[in-house]
Structures are given as structure tokens and as C-alpha cells.
Amino acid sequence: MIDIKLLRENPELVKENIKKKFQDEKLVLVDEVLELDEKLRSFKTEGDNLRSERNKTSKEIGALMGQGKKDEAEEAKAQVKEINDKLTDIEAKTEEYGKEVKKRMQVIPQIIDDSVPIGKDDTENVEIEKFGEPVVPDYEIPYHIDIMETFDGVDLDAARDTSGAGFYYLRGDIARLHSAILSYARDFMIDRGYTYYIPPFMIRSDVVTGVMSFSEMEDMMYKIEGEDLYLIGTSEHSMIGKFINTINEEEKMPLRMTSYSPCFRKEVGAHGIEERGVYRIHQFEKQEMVIICKPEDSKTLYNELWKNTVDFFRSLEIPVRTLECCSGDLADLKVKSCDVEAWSPRQKKYFEVGSCSNLGDAQARRLGIRLRGENGTYFAHTLNNTVVAPPRMLIAFLENLIQEDGSVKIPKPLQMYMGGKDKIEPKNK
């Protein structure tokens, strides 16, 4: 949510930003907010004047009674009642118009960074840099589910019977590999100075609407029936929500946090759910990075975040690239974002395995997350990025590390989490 002062003082800048995001249908919201805000401020002024008049008149009642001027005191009481009636009406209008302003402000997109490329959708995202040499071996790379099945490591049919499409059972070496990757990711981030958290896996609606846009909420979140609780789509939601309505000391910034959680997503949209795969699913696990910081530090910390993911994948011998998200591919709360994509030797292309975002003060403004310094309080900046999200990451891992004989190499950093094994052997060739 942008600062309403910015919208008042420079509505054309806000409109231009909306155009850059190819959301012209939202242009009308700027004028609507200006009109509603003007009325809202007039109601607030009128309310303040009425309260001042009521206080003055109320004080006069006591003085008049003390002077024995009963009739004049009764007249003053009638005036106070009339003022109270007017105030009731004004306060109702103030609340109504305040809600209407907030409703519109929450769907006006955040001002994007000047460095963001302009484009309509993800087809116009821009490659930044490649890390590692993408290799296509001489031997055939099977589909990831076929690789898992040679290890007797996945059961989609049973999961479909118990839960429906978009779920899975992992077992044996594949399940152990899944857990090993998460354990390594946890320690990798702790070694880089991030504080480890396991957060709540459900959050209330006021946190949901604070951390994401309404369109994302509708497409992603599962609601718990009969309760004001939602299953989280990522631990970022809980971690940012942890600081709702807090004032934090500037000298303690930045707060670097890494959090583990299961994640639950509807995955609504044209892409759908894969019937025979674990790329796009309803349930997965993830190690996340979250930072709360001073505004002037967020650009530098943004680069730190995506580099962490690149370093993590490269430590496991997986080639990756970074892809700058264009304006039309940015969620409304984001100032800047890039995807980390892993190389798929089977498909001979890269695919997304993580997303790094700078949200500026959007989440902090919605949730009331402030910092306190010498010059008073101000809104923090928030950032997040994926360290790793298996089982999607397993696709990249298995495709890049499968050997010609069907075994899968275990890189040195992961071996301690796999009982010292330097490879795993298939059970069904």
C-alpha cells in the first residue's frame, strides 16, 4: 500500500506506475481515492471542530449551574446533545469513507523501482546472469517421476486416492534426500548469520491481507472453515506477521531470518496441477529467507538474498540463472523481484526454483511495522527469498546429478545428511 501523501501530491506518478504495470483498469482508483480522501478529511475536520465545541459547551454547563442559571444550563445541555447527534453521523461517515479509501488503496500497486524492465507478463522477463555451465549429457535424462520410481521413491496414485491431484507420497532414499536438502538449507543459512525459525503454519485474516494482495490471496490461500485462520502459502507470511503493530529499534536492523514450513497453495490458474509430477502441487516444504531493515539498506540486502540462493544451488552442482521480473509480472506489493531458475538437462531449458522480492514499505505500512530512530518512527522495508523448496528442487537435483547407470550423485555438502553416502542406487532399473 503506497503512502496516501504521495498519491495526494503526485497522482500522475501513481497513474504512470499503474500504466507501467499494464493495469489501466485501476487508473480510475486514483481519482476516486482523491475525491473520497478530500471528503474524509473534511469530515475529520468537522468532527474535530464539533468535539472542541462540545468540550467548551460542557465546561460552561458547570459554571452556569454554579451561578444558578438553570435555564441557560439546560439550553447548553441541549446544545451538547445536538452536537453529539451530529458527531454520531460524522463519525459514521468518517468510518465509511475511511474504509472506502483503504479498500482502493490496497489494490493500487506499489511504486516499482526504476531498474525494473517494462513488460506485460513473464514472457518479457529479462535474464540477468548465468551461474555454472548448463550441460546436456550424452545419455537420456528421464522424466523426474520416472527417476523417482526407479528408486521406489514416489507414490502419486495412493496420494490421489487419499487427497486428490496435486499431492504425493515420498519414500526411501527420495524422501531422505528431500529432508536432507532442507536440513542442509537450514544450516547453510544459519552459517550465513540468519536466525532460524519454525513459525505458525496458520495465520489470521488481518495478517493475510497485510502480507499479500487480494488477488494473490484468492488464488493461493486455503481458509480453515468456521475460523479466522488460513493455511500459509509460505513462511514469509508468518514471519512478517510476527512484527504486526510493533515498533522496532533502528540500531538492531537488519533482522535476518530463515524459516522452515510446509506450504499450502490452491494453485488456481491456467497452468493447473500436474497429474504426474511434483512441479506444481498443493503441498510442499520450503526454507525461506526474510529480512526487515531500514529503507536505505533494502536494495543492498535484496542482492544479498538472491545471491544466497545462487550459492546454495551451486554448492550442490546445479547450474542456475537469475531472471529479472518485468513490471507486468510483479505482484502489486513488490518494488522489485527476480526469479532464480535451475537448469533442466531433460527439457534443455531453465525453470523457476525460487523468487526474491523487495516489497519496500508495502507490508510494513499494511501491518504497522515501524522502526524507531533519532528522528522518530517510520515504516520498515521487508524482503523475502526462497532458499529451497523441495520437492520442486528435487527435479533439478535428480536431473542434473543422475548418472548414466541410473544412480544419483550426492554432492559433498549433502553427504553428512545422507548417512555419508556419495550416491544412491536405483532399486528398479
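Helices (DSSP runs of H or I, at least four residues) and strands (DSSP runs of E, at least two) are numbered from the N terminus. With that in hand, welcome to this predicted model, in which local features need pLDDT of at least 70 and side-chain atom pairs count only at pLDDT 80 or more, while totals for chains, interfaces and linings use all residues. Residues are numbered from 1 along each chain as its sequence is written, and side-chain values use heavy atoms, with hydrogens and water left out. A good landmark to begin with is an open sheet of eight strands with mixed pairing.

**The eight-stranded sheet**

- The strands of this open sheet follow the order β1-β11-β12-β13-β16-β10-β9-β4, where two strands count as paired if DSSP finds at least two bridges between them.
- At the edges are β1 (126-131) and β4 (195-197), each of which pairs on one side only.
- Neighbouring strands of this sheet are turned by 25° against each other on average, direction ignored; the axes behind such angles are lines fitted to C-alpha atoms, for helices over the stretch in contact, and angles run from 0 to 180 degrees between N-to-C directions.
- Inside the sheet, β11 (residues 320-324) and β12 (residues 336-344) pair in the antiparallel sense over five bridges.
- One residue to find here is T322, whose bridge partner in β12 is V340.

**Helices that pack on the sheet**

- Helix α7 (residues 172-191) packs on the sheet and touches β4, β9 (255-264), β10 (283-293) and β16 (381-388), with contact meaning heavy atoms within 4.5 Å.
- The direction of α7 makes about 10° with that of β10.
- Helix α11 (residues 298-315) also packs on the sheet, touching β1, β9, β10, β11, β12, β13 (349-358) and β16.
- The direction of α11 makes about 5° with that of β16.

**A look along two helices**

- With 20 residues, α7 reaches 28 Å from its first C-alpha to its last, close to the 28 Å expected at 1.5 Å a residue; the expected span is 1.5 Å times one less than the number of residues.
- Buried residues of α7 include I174, L177, I181, Y184 and F188; buried means under 20% relative accessible area, exposed over 50%, and partly exposed in between (1.4 Å probe, protein chains only).
- After α7 comes G193, whose phi is positive, near 90°.
- Helix α3 (residues 27-66) has 40 residues and reaches 60 Å from first C-alpha to last, close to the expected 58 Å.
- Just after α3, G68 takes a positive phi of about 80°.

**The start of the chain**

- M1 lies in the segment before α1 (4-9).
- M1 is buried, at a relative accessible area of 15%.
- Leaving aside residues up to four places away in sequence, M1 touches M105, Q106, Q110, D361, A362, R365 and R366.
- M1 and L359 are 358 residues apart along the chain, yet their C-alpha atoms are separated by 9.9 Å.

**Backbone details worth finding**

- Most residues other than glycine have a negative phi, and most peptide bonds are trans.
- F22, in the loop between α2 (11-20) and α3, has a positive phi of about 55° although it is not a glycine.
- F22 counts as partly exposed because its relative accessibility is 38%.
- E317, in the loop between α11 and β11, has a positive phi near 65°.
- E317 counts as partly exposed too, at 35% relative accessibility.
- The peptide bond from M253 to P254 is cis, with omega near 0°, and P254 is found in the loop between β8 (246-249) and β9.
- A cis peptide bond also joins P390 and P391, with omega about 15°; P391 is in the loop between β16 and α13 (392-401).

**The three-stranded sheet**

- Three strands form an open, antiparallel sheet in the order β5-β7-β6.
- Its edge strands are β5 (202-203) and β6 (222-223), each pairing on one side only.
- Two bridges join β6 to β7 (residues 230-231), and the bridge partner of K223 in β7 is Y230.
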